[in-house]
Amino acid sequence: ILQQADPNEAKGKEVTVRQVLDKSLPRVADELADQPLVQARLLNLMGRSYRQIGALDVAVTALEQSSAKIATAADASVTERSEIDLEYARALADLGRNAEALTLLEAMVGRLRAAQIGGAPLATPLSIIGSIHNDLGKFLVAEPYIREAMQIREQVLPGSPELAITYNNLGFILQQTGRPDQALPIYERAH
């Protein structure tokens with residue numbers, strides 16, 4: 001699938017990541033059609049790579065395909081499906097397709113709760129839901145998501161950068177909703 005990256009195949013030509021991805025994407029769809037879990041994982045990896053190089057439209061397409069494949073893979077865990085859907089939701093949000101991202105994230109949170117999976121796998125989508133609402137200026141909608149993510153991260157990720165970001169997000173919400181006296185101690189916890 002990634003033959004173009006092989007120096008013997010490239011024959012001295014400079015090959016970009018984008019060229020390798022563009023050439024490989026259709027092959028992943030065709031050659032791995034009978035292996036949905038493997039296909040979902042590769043499409044996710046490629047979608048993340050496209051996202052990292054700023055090719056968001058192609059990233060969303062690859063991640064959407066990955067999400068669809070993982071949903072049909074009988075041997076996929078709830079956690080793995082959530083990780084793949086998380087990348088898809090992030091790419092959707094990057095493109096400003098917030099309603100779609102929120103729908104996907106809410107469904108993910110529902111699946112995680114139904115499977116009684118908490119900790120970091122649950123905190124991340126909660127935090128992203130809160131951040132999207134925060135970015136949209138829906139501070140009071142964002143607050144309970146950010147607070148729940150904060151409580152989880154305090155338990156399982158104390159002192160982590162993710163927790164510091166969550167404190168900052170909550171402090172911003174409190175400040176924007178006229179509660180600066182509550183925001184200050186939260187901001188202080190971030191540092």
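This briefing walks through the fold, the cores and a handful of individual residues of the chain shown above. The model is a predicted one. Its secondary structure comes to 10 helices and zero strands, and 40% of the 191 residues count as buried. The largest nonpolar core has 22 residues, and another core, of 12 residues, lies apart from it.

**Overall build**

- Reading from the N terminus, the elements run α-α-α-α-α-α-α-α-α-α.
- Along the principal axes, the C-alpha atoms fill a box of roughly 65 × 40 × 30 Å.
- Take the contacts in the chain with a separation of 6 or more: 50% of them are between residues 24 or more positions apart.

**Surface and charge**

- About 10000 Å² of the chain is exposed, and carbon and sulfur atoms supply 52% of that area.
- There are 19 positive and 24 negative side chains. The centres of these two sets lie 1 Å apart.

**The nonpolar cores**

- Within the 22-residue core, the residues with the most contacts are Tyr88, Leu92, Leu105, Leu122, Leu126 and Ile132.
- Five helices each supply at least two residues of this core: H4 (56–72), H5 (78–94), H6 (98–114), H7 (119–135) and H8 (139–156). Helix H6 gives the most, with seven residues.
- The other core, of 12 residues, includes Met150, Leu163, Leu174 and Ile186.

**Two leucines of the largest core**

- Leucine 105 sits in helix H6. Its relative accessible area is 0%, so leucine 105 is buried.
- Not counting residues up to four places away in sequence, leucine 105 touches Leu86, Ala89, Pro125, Ile128, Ile129 and Ile132.
- For a sense of distance, leucine 105 and alanine 164 are 22 Å apart, C-alpha to C-alpha, and 59 residues apart in sequence.
- Leucine 126 has its own set of partners: leaving aside neighbours within four places in sequence, it is in contact with Val109, Arg113, Tyr145, Glu148, Ala149 and Ile152.

**The aromatic pair**

- The structure holds one aromatic pair. Its members are phenylalanine 139 and phenylalanine 172, set edge-to-face, at 5.9 Å centre to centre and with 70 degrees between the planes.
- This pair links distant parts of the chain, 33 residues apart. Phenylalanine 139 belongs to helix H8, and phenylalanine 172 to helix H9 (residues 161–176).
- Burial separates the two rings. Phenylalanine 139 counts as buried because its relative accessibility is 17%, under the 20% limit. Phenylalanine 172 has 35% relative accessibility and therefore counts as partly exposed.

**Serine 82, a buried residue in a helix**

- Serine 82 is placed in helix H5. With a relative accessible area of 5%, serine 82 is buried.
- Leaving aside neighbours within four places in sequence, serine 82 is in contact with Met108, Arg111 and Leu112.
- Serine 82 and arginine 111 are 29 residues apart along the chain, and their C-alpha atoms are separated by 8.3 Å.

**Residues in the loops**

- Glutamine 35 lies in the loop between helix H2 (17–31) and helix H3 (36–52). Its relative accessibility is 36%, so glutamine 35 counts as partly exposed. Between the C-alpha atoms of glutamine 35 and lysine 69, which are 34 residues apart along the chain, the separation is 9.2 Å.
- Alanine 74 is found in the loop between H4 and H5. It counts as exposed because its relative accessibility is 83%. The C-alpha atoms of alanine 74 and leucine 37 are separated by 8.3 Å, with their positions 37 residues apart along the chain.
- Glutamine 116 has its place in the loop between H6 and H7. At 75% relative accessibility, glutamine 116 counts as exposed. The phi angle of glutamine 116 is near 55 degrees, a positive value in a residue other than glycine.

Terms used:
Residues are numbered from 1 along each chain as its sequence is written. This is a predicted model: local features need pLDDT of at least 70, side-chain atom pairs count only at pLDDT 80 or more; totals for chains, interfaces and linings use all residues. Side-chain values use heavy atoms; hydrogens and water are left out. A nonpolar core is a set of buried Ala, Val, Leu, Ile, Met, Phe, Trp, Tyr and Cys residues joined through side-chain atoms within 4.5 Å. Buried means under 20% relative accessible area, exposed over 50%, partly exposed in between (1.4 Å probe, protein chains only). Helices (H or I, at least four residues) and strands (E, at least two) are DSSP runs, numbered from the N terminus. Contact means heavy atoms within 4.5 Å. Rings of Phe, Tyr and Trp (its six-membered ring) pair if their centres lie within 6.5 Å; planes under 30 degrees apart count as stacked, over 60 as edge-to-face and the rest as tilted. Accessible areas come from the Shrake-Rupley method with a 1.4 Å probe; for residues, only the protein chains shown count as cover. Lys and Arg count as positive and Asp and Glu as negative; His and the chain ends are not counted. The place of a charge is taken as NZ of Lys, CZ of Arg, CG of Asp or CD of Glu.
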